[in-house]
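Work through the exercises below with the model open. Try each task before reading its solution.

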Amino acid sequence: MNIAEKDKQFVWHPFTHQLNAKPAINIVKGEGVYFFDDKGNKFIDAISSWWVNLHGHCHPYISKKVSEQLLQLEHSIFSDFTHVPAVNLAERLLGDLPKNQSKIFYSDNGSTAVEVALKMALQYWHNQKINKTLFIAFENAYHGDTFGGMSVGARNVFNNAFENSLFEVAHIPLPTKENIEELKSIINLWSEQHNIAGFIFEPLVQGASGMLMYEADLLDELIKICNENNIITIADEVMTGFGRTGKLFANDHLKNKADIICLSKGLTGGYMPLGVTSCAQFIYNAFLSEERTKTFFHGHSYTANPTACSAALASLDLLEKEECRQQIKMIEEAHLAFKSKIKSNSKLKDVRVKGTIIAFELNTHEQTHYLNNASQTITDFFLQKGILLRPLGNIFYILPPYVITKEELNFIYSAIEKFLR
Ligand SMILES: *Cc1c(COP(=O)(O)O)cnc(C)c1O
């Protein structure tokens, strides 16, 4: 059996309709923005491998730091023990995150970072014997595939099968200039009538639901209302963190900062799974008690894996370089220029840009939807051109590693223009 046949026989792939799945492409090497397959084909990774990669594949500096760590300490238990990479990373992240953040809790992916945030918020109230259990979240939200993450996420095709097992959540639409006053009064009203524990949101860009974008000043107003009503705010920055929205964190666009922040994806530069949930001191204080029952009983076997923490430290070294900031700016400017060039194309319902992300919503006979049949056409067209652009239904987007060049971006843009013809 060759690898493709063995893959079909032994492996079950994520988010993949297994029955009709084409043979998976066998990637044998990564270098910079490129992947190489076993047939000698080369692909630009235009979506940073599901939004995780920041500095390109097999970056010599990160690879070196990770190998050094592997020869020193590959992993250790993280209860009663600690290690330099985890402590240094926590210190470093707290230096970069909004000033109200004061503790770092580690886990190992984006969904667990969200679960930790939800559990922290619920237990924050429980420890004070205050009955607050309901969360507010946005319609179309995506917060991961575990049960807590699914519960605060939109009810859709991703979680239909589990609907009866999800806890109840109050969903509100994304804020617009038209509905903001109504949303504010709804939150005010709900907080009188219900026991609202927290409000969780993807700040500025909702990723999985199709790179839906909304304005920072509107989110600021919602956070303010939550603060006034003692509702804990949770920013899920799993996708938006580490430069994606043009600033280091989406929170950096806000005046009012979230109480809890979730990070993963770009955290290790796309090298290794690692999750972080940071929180403000007042949250942490509710767990400081003589009563042992008030402990936060949560942890994962690979919590704060030292190798992953070293990858994250190395990625931050690169992210802080002026060169990287310039690249982020260059990508945003290129996206904006391309947007003005094609925004009136009749095949497009919408083009939107936030920082290093540009998204295109295709006009189709069907509704905008993850299962829209345009998806396969888009994937195949771009793969043929050597571009990995895995769409979300009829929405496709470029979310590139920051080392991409202007020429490589232009190559993708011109493929998009060809596609639209
Ligand atoms: C991807 C994502 C998650 C889930 O992260 P995983 O590492 O895939 O579990 C959660 N929230 C947001 C906003 C995401 O984009």
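The exercises cover the ligand site and then the two domains of this predicted model.

**Exercise 1.** List the residues that surround the ligand and sort them by class.

*Solution.* Step one: collect the shell. The ligand is surrounded by W51, N109, G110, S111, Y142, H143, G144, E202, D236, V238, M239 and K265. Step two: sort by class. The shell holds four nonpolar, five polar and three charged residues.

**Exercise 2.** Find polar side-chain atoms that lie within 3.5 Å of an oxygen or nitrogen atom of the ligand.

*Solution.* Begin with the ligand's oxygen atoms. S111 places a polar side-chain atom 2.6 Å from one oxygen atom of the ligand. For N109, the distance from a polar side-chain atom to a ligand oxygen is 3.3 Å. Now take nitrogen. A polar side-chain atom of D236 lies 2.7 Å from a nitrogen atom of the ligand. Finish with area. The ligand taken alone exposes 380 Å², and the protein buries 84% of this.

**Exercise 3.** Give the bounds of the domains and the separation of their centres.

*Solution.* The domain assignment puts 3-59 + 322-420 in domain 1 and 64-319 in domain 2. Over C-alpha atoms, the centres of domain 1 and domain 2 are 26 Å apart.

**Exercise 4.** Describe the interface of domain 1 and domain 2: contacts, buried area, salt bridges and polar contacts.

*Solution.* Count contacts: 29 residues of domain 1 touch 29 residues of domain 2. Next, area: the two domains bury about 2500 Å² between them, with 67% of it on carbon and sulfur atoms. Then check charge pairs: zero salt bridges are found across the interface. Last, polar contacts: there are 12 such residue pairs, both residues at pLDDT 80 or more.

Technical notes
Residues numbered from 1 in each chain as written. Predicted model: local features only at pLDDT ≥ 70, side-chain atom pairs only at ≥ 80, totals over all residues. Heavy atoms only, no water. Near = heavy atom within 4 Å. Polar contact = N/O pair within 3.5 Å; in protein donor to acceptor, adjacent residues only side chain to side chain. Areas by Shrake-Rupley, 256 points an atom, 1.4 Å probe, with all protein chains shown as cover. Nonpolar A, V, L, I, M, F, W, Y, C, P; charged D, E, K, R; others polar. Domains from an automatic or database assignment. Contact = heavy atoms within 4.5 Å. Buried area = accessible area lost by both parts, 1.4 Å probe. Salt bridge = Lys/Arg side-chain N within 4 Å of Asp/Glu carboxyl O.
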